[in-house]
Amino acid sequence: MEIKTVGVIGAGQMGNGIAHVCALAGLDVLLNDVSEDRVTTGLATINGNMARQVAKEMISDAERKSALDRIRPAVGLEALSPADIVIEAATENEQVKRSIFTALCPVLRPETIIASNTSSISITRLAASTDRPERFIGIHFMNPVPLMQLVELIRGIATEDPTFESAKAFIDKLGKTTTTAEDFPAFIVNRILLPMINEAIYTLYEGVGSVDAIDTAMRLGANHPMGPLQLADFIGLDTCLSVMQVLHDGLADTKYRPCPLLVKYVEAGWLGRKTKRGFYDYRGETPIPTR
């Protein structure tokens, strides 16, 4: 099936990024969230991000305006009924996602593909909460979506070949590169990346180095574009914790045990950039390490 209209559930960081790249690729986009205000905020973010692309001469202003015209607010899940594919980009919580799919399925056409942008949760389990597991697939975009080239495609046990081929063609149209991962906890990227971040947090927790020392060491010693603690703040510490919990529960290996300091920061509501505090304090002009 050729995909021409894309529904996106969630207008936050990942959802508005997915809508952004789909619209620039010439696809019609229906953007949904739990409230109209969140969709409005998501659209404003997309406009701002596209304006930065214009300033950097990555796209023209005419392309920006045309892409924005292709994104329409979808108030209520029933507004997603015209979509050829619906991509769920809600919070990384399995019960939340399953409840969305339960409510979504009755309003969609039988041939519509459902995808989840989950970064760690079993595609097979999520698909089982729908009426179409054979037309369900994991499409894991990287953050920030407009800048990152890779997209992981993950088949559930019931995902049929036409669903996979349609999803791959869709990602190709966005100009992204796909890699195929098996349906194991956290797939490929986060199976490798999040334990590294968790180990960096343990290194801080055990007093081996300060926030600045750890991030400087990995930037200059391993040539990483940003330090692991800075990256954790960018991802969101609640998301980091969720992924580590999925790995720990799913693989039953103590090496995936979330660092107690990560748990403490999340319990304090220090979730990184989005709450202005994490391993860095972002409330001033310059981020300041909190340890």
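**Exercise 1. Locate Glu 57 and describe its backbone.**

Solution. Glu 57 is placed in the loop between H2 and H3. The structure is a predicted model, and the backbone at this position is described from that model. Although Glu 57 is not a glycine, its phi is positive, at about 60°.

**Exercise 2. Determine how H2 and H3 pack, and which residues make the contact.**

Solution. Step 1: identify the helices. H2 covers residues 36–55 and H3 covers residues 61–69.

Step 2: take the geometry. The axes lie 9 Å apart and the packing angle is about 160°. Because angles over 145 degrees count as roughly antiparallel, H2 is roughly antiparallel to H3. The crossing of H2 past H3 is right-handed.

Step 3: list the contact. From H2 come Ile 46, Asn 47, Met 50, Ala 51 and Val 54, which meet Asp 61, Arg 64, Ala 67 and Leu 68 of H3. In this contact of H2 with H3, six residues are nonpolar, one is polar and two are charged.

**Exercise 3. Determine how H10 and H11 are oriented, and classify the residues of their contact.**

Solution. Step 1: H10 spans residues 237–251, and H11 spans residues 260–267.

Step 2: the two helices pack at about 135°, with their axes 9 Å apart. H10 and H11 are therefore oblique to each other. H10 passes H11 in a left-handed crossing.

Step 3: on the H10 side, Leu 237, Asp 238, Cys 240 and Leu 241 take part; on the H11 side, Leu 262, Val 263, Tyr 265 and Val 266 do so. Seven residues of this contact are nonpolar, none is polar and one is charged.

**Exercise 4. Establish the orientation of H7 with respect to H10.**

Solution. Step 1: H7 comprises residues 189–205, and its axis lies 10 Å from that of H10, at an angle of about 110°.

Step 2: angles of 65 to 115 degrees count as roughly perpendicular, so H7 and H10 are roughly perpendicular to each other. The crossing of H7 past H10 is left-handed.

Step 3: H7 contributes Asn 190, Arg 191, Leu 194, Pro 195 and Asn 198 to the contact, while H10 contributes Cys 240, Val 243, Met 244, Leu 247 and Leu 251. By class, there are seven nonpolar, two polar and one charged residues in the contact of H7 with H10.

Step 4: compare the two lists for H10. Cys 240 is named in the contact with H7 and also in the contact with H11.

**Exercise 5. Describe the second largest pocket and its lining.**

Solution. Step 1: the space in the second largest pocket is about 260 Å³.

Step 2: its lining is made up of 15 residues, and those nearest the centre are Glu 94, Ser 120, Ile 121, Arg 125 and Val 246.

Step 3: H10 supplies the largest share of this lining, with five residues.

Step 4: sorted by class, the lining holds four nonpolar, six polar and five charged residues.

**Exercise 6. State the form of the peptide bond from Asn 143 to Pro 144, and place Pro 144 in the chain.**

Solution. Step 1: the peptide bond from Asn 143 to Pro 144 has omega near 0° and is cis.

Step 2: Pro 144 lies in the loop between strand E6 (136–141) and strand E7 (150–155).

Terms used
Residues are numbered from 1 along each chain as its sequence is written. This is a predicted model: local features need pLDDT of at least 70, side-chain atom pairs count only at pLDDT 80 or more; totals for chains, interfaces and linings use all residues. Side-chain values use heavy atoms; hydrogens and water are left out. On a 1 Å grid over the protein atoms alone, a cavity is a set of points where a 1.4 Å probe fits but cannot get out, and a pocket is an open set with protein on both sides within 12 Å along at least five of seven lines; lining residues have an atom within 4 Å of a point. Grid points are joined across faces, edges and corners, and a volume is the space filled by probe spheres set on the points. Helices (H or I, at least four residues) and strands (E, at least two) are DSSP runs, numbered from the N terminus. Ala, Val, Leu, Ile, Met, Phe, Trp, Tyr, Cys and Pro count as nonpolar, Asp, Glu, Lys and Arg as charged, and the others, Gly among them, as polar. Axes are lines fitted to C-alpha atoms, for helices over the stretch in contact, and angles run from 0 to 180 degrees between N-to-C directions. Angles under 35 degrees count as roughly parallel, over 145 as roughly antiparallel, 65 to 115 as roughly perpendicular and the rest as oblique. A crossing is left-handed if the near helix is turned anticlockwise from the far one by less than a right angle, and right-handed if clockwise. Contact means heavy atoms within 4.5 Å.
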